Amino acid sequence: MDHAAESFQLLPGAAASPVILHVPHSSRTVPGPVRNGIVLDDAALERELDHITDSHTADIAAAAAAGCALTPWRFVNGLSRLVIDPERFPDEREEMLAVGMGAVYTRTTHRERLRADGFDGRALVDRYFHPYAEAMERAVEDRLEAVGRAVIIDVHSYPSEPLPYELHGAGPRPPICLGTDPFHTPAALLASAEKAFAGFGGTGLDSPFAGTYVPLRHYGRDRRVSALMVEIRRDTYMSEPGGPAGPGLAALAAAVTELVDGLPL
């Protein structure tokens with residue numbers, strides 16, 4: 001079975017919508033052959049998935065899309081980020097390499113061993129990372145060709161208390177962290193997000209997580225591609241670390257709908 005072919009989905013939106021809701025970290029699925037390269041026992045792996053997974057973010061994006069006047073597109077990762085993390089740089093540019101969390105993780109959220117020392121992740125990058133990146137690039141190109149612009153809204157969540165792997169965990173942890181890029185996040189997009197999420201107890205910028213996802217082909221080159229990362233603190237909508245969602249999920253989905261519907265034309 002070709003797991004790469006089924007590892008992500010592009011869920012169609014309205015032909016006239018420029019928006020792609022990107023959900024990279026919502027899944028807990030680890031294919032058997034990949035599981036065999038992880039040294040944790042089953043119980044420890046489940047605990048790690050509790051901590052590392054942006055649980056229920058795919059549900060937030062789906063509910064948000066259903067409520068939009070013009071349905072956005074959704075690009076959803078069907079595999080856990082323990083397989084590959086599609087939002088990392090696949091080379092030495094990635095700062096998370098310092099804690100064993102580049103495109104292929106070798107350490108856990110608690111800086112413990114996830115894969116054997118010296119593990120070569122190139123096969124996973126070839127099989128999963130590159131096809132994902134190419135498909136996302138095509139999705140953006142399709143929006144550019146159809147409507148002349150693309151707006152990527154990156155849907156994430158993060159724990160209320162910092163985990164040991166975080167490089168910038170000492171900073172503020174607002175209910176909603178908005179990750180920005182100086183080239184790809186225009187002021188109007190940021191203002192729309194701040195307005196949409198104003199009712200959740202505060203928004204902050206780029207802390208504890210910064211930046212946003214843009215395909216490398218467009219990154220720093222094409223201003224028609226705008227992007228914003230929405231990092232939702234998990235205690236606003238779910239039981240931590242990996243428990244069920246609560247009533248906050250519907251409210252957050254409504255805020256994402258407001259953000260999409262409120263984007264400047």
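Two rings of Phe, Tyr or Trp count as a pair here if their centres lie within 6.5 Å. Keep that cut-off in mind for the later stops, and remember throughout that you are looking at a predicted model.

**Stop 1: strand β7**

Start by selecting residues 225-233, which make up strand β7. Nine of its nine residues are buried. Try colouring the two faces separately: V225, A227, M229, E231 and R233 lie on one side, while S226, L228, V230 and I232 lie on the other, and both sides are covered.

Now bring in the strands that pair with β7. Strand β4, residues 150-158, runs parallel to β7, and nine bridges join the two. To find your place along them, pick I152, which sits opposite A227. Strand β5, residues 176-179, pairs with β7 too, this time in the antiparallel sense and over four bridges. Here a good marker is G179, whose bridge partner in β7 is M229.

**Stop 2: helix α5**

Next, select residues 187-196, helix α5. Its buried residues are L189, L190, S192, A193 and A196. Turn the view until you look down the axis of α5: these buried residues fall within an arc of 160 degrees, so they line one face of the helix. As a general reminder, an α-helix has 3.6 residues a turn, so residues three or four places apart point the same way. On the other side of α5 you will find A187 and K195, both exposed.

What lies over the buried residues of α5? Show β4, β5, β6 (203-205), β7 and α6 (248-261), which are among the elements that cover them.

**Stop 3: the nonpolar cores**

Switch to side chains for the largest nonpolar core, which has 32 residues. Those with the most contacts inside this core are L21, I60, I153, F197, V230 and L259. Two or more residues come from each of β2 (19-23), α3 (57-67), β4, β5, α5, β7 and α6. Which element gives the most to this core? That is α6, with seven residues.

Centre the view on L259. Apart from its neighbours within four places in sequence, L259 is in contact with I153, L189, S192, A193, A196, F197 and V230.

A second, separate core has 29 residues, and V30, L40, L79 and C177 are included in it. While you have C177 selected, note that its relative accessible area is 0%, so C177 is buried. Another cysteine to look at is C68, which is also counted as buried, at 8% relative accessibility. As for disulfides, the structure holds zero.

**Stop 4: the aromatic pairs**

Finish with the rings. How many aromatic pairs does a search of the whole structure find? Six. Select F89 and Y219 to see an edge-to-face pair, 6.4 Å centre to centre with 70 degrees between the planes. F89 belongs to the loop between β3 (73-77) and α4 (122-147), and Y219 to the loop between β6 and β7, so this pair ties together parts 130 residues apart in sequence. F89 is partly exposed, with a relative accessible area of 24%, and Y219 is partly exposed at 35%.

Then move to F197 and F200. Their ring centres are 6.1 Å apart and their planes stand at 50 degrees, so this pair is tilted. Is F197 buried or exposed? At 0% relative accessibility, F197 is buried, whereas F200 is partly exposed at 22%.

For a last selection, show F8, F75 and Y132, which ring pairs link into a cluster.

Methods. Residues are numbered from 1 along each chain as its sequence is written. This is a predicted model: local features need pLDDT of at least 70, side-chain atom pairs count only at pLDDT 80 or more; totals for chains, interfaces and linings use all residues. Side-chain values use heavy atoms; hydrogens and water are left out. A disulfide is a pair of cysteine sulfur atoms within 2.5 Å. Buried means under 20% relative accessible area, exposed over 50%, partly exposed in between (1.4 Å probe, protein chains only). Two strands pair if DSSP finds at least two bridges between them. The arc is that of the directions from the helix axis to the C-beta atoms. Contact means heavy atoms within 4.5 Å. A nonpolar core is a set of buried Ala, Val, Leu, Ile, Met, Phe, Trp, Tyr and Cys residues joined through side-chain atoms within 4.5 Å. Rings of Phe, Tyr and Trp (its six-membered ring) pair if their centres lie within 6.5 Å; planes under 30 degrees apart count as stacked, over 60 as edge-to-face and the rest as tilted.
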